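Please load the model in your viewer and keep a selection box at hand. The tour below moves from the whole chain to single residues, and at each stop it says what to select and what is found there.

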Amino acid sequence: MTKDEYKLLDNAITGLDRLFDFQTSVYDLYALIVATSRALAGTEYSPILDKTSDALYRLVTSDDKVSDERLEALAITDDLRIFIAEKLEPYDSQEISI
């Protein structure tokens with residue numbers, strides 16, 4: 001994992017935490033996941049980031065509003081949260097290769 005990949009994934013998990021803590025919106029999280037997905041295009045992280053951003057897009061653009069958009073977004077992003085946490089867990093930010 002490169003230092004940039006670490007930073008991007010760490011920022012994504014921070015965004016997920018902020019949504020959980022009511023500190024950001026579903027729209028902001030969607031924008032963050034899309035940007036992260038594009039920044040990490042072609043990496044092993046791409047498929048799950050793309051899948052999650054597509055699902056969040058459907059949520060934020062749907063005419064059928066769910067009763068709690070935040071809870072729905074948390075459910076959509078659960079696999080991503082687990083994936084990122086597992087990828088970051090073995091690393092200390094000081095140990096990441098360049």
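Helices (H or I, at least four residues) and strands (E, at least two) are taken here as DSSP runs, numbered from the N terminus. With that convention, colour the chain by secondary structure and follow it from the N terminus, where the elements run α-α-α-α; the total comes to four helices and zero strands. The radius of gyration, taken over C-alpha atoms, is 13 Å, close to the 13 Å that the globule rule (2.2 Å times the number of residues to the power 0.38) gives for 98 residues, so the chain is as compact as a globular protein of that length.

Two remarks on conventions belong here. This is a predicted model, in which local features need pLDDT of at least 70 and side-chain atom pairs count only at pLDDT 80 or more, while totals for chains, interfaces and linings use all residues. Residues are numbered from 1 along each chain as its sequence is written, and side-chain values use heavy atoms, with hydrogens and water left out.

**The whole chain**

Show the C-alpha atoms alone: taken along the principal axes, they fill a box of roughly 45 × 25 × 20 Å. Next, switch on the surface, of which the chain exposes about 6000 Å² by the Shrake-Rupley method with a 1.4 Å probe, carbon and sulfur atoms supplying 49% of this area. Buried residues, meaning those under 20% relative accessible area (exposed is over 50%, partly exposed in between, with a 1.4 Å probe and protein chains only), make up 37% of the 98 residues. If contact is taken as heavy atoms within 4.5 Å, then among contacts between residues at least 6 apart in sequence, 66% join residues at least 24 apart.

**The core**

Now select Leu9, Ile33, Tyr45, Leu80, Ile84 and Leu88, which have the most contacts inside the largest nonpolar core, a set of 23 residues. A nonpolar core here is a set of buried Ala, Val, Leu, Ile, Met, Phe, Trp, Tyr and Cys residues joined through side-chain atoms within 4.5 Å. Helix H1 (3-20), helix H2 (26-39), helix H3 (46-61) and helix H4 (69-88) are the elements that give two or more residues to this core.

Centre the view on Leu9, which, leaving aside its neighbours within four places in sequence, is in contact with Met1, Leu40, Tyr45, Ile84 and Leu88. From there go to Tyr45, in the loop between H2 and H3, which is buried with a relative accessible area of 2%. Not counting residues up to four places away in sequence, Tyr45 touches Met1, Glu5, Leu9, Leu40, Phe83 and Lys87. A C-alpha to C-alpha distance drawn from Tyr45 to Glu5 should read 9.2 Å, although the two are 40 residues apart in sequence.

**Along helix H4**

Which residues does Thr77 contact, leaving aside its neighbours within four places in sequence? Select Thr77 in helix H4, and the list is Leu16, Leu29, Thr52 and Leu56; at 1% relative accessibility, Thr77 counts as buried. Ile82, also found in helix H4, is partly exposed, with a relative accessible area of 40%.

**Helix H1 and the loop after it**

In helix H1, pick Lys7, which is partly exposed at a relative accessible area of 47%. Lys7 and Leu88 are 81 residues apart in sequence, yet their C-alpha atoms are 9.9 Å apart in space.

The last stop is Phe22, in the loop between H1 and H2, which counts as exposed at 65% relative accessibility. Most residues other than glycine have a negative phi. Phe22, although it is not a glycine, has a positive phi of about 60°.
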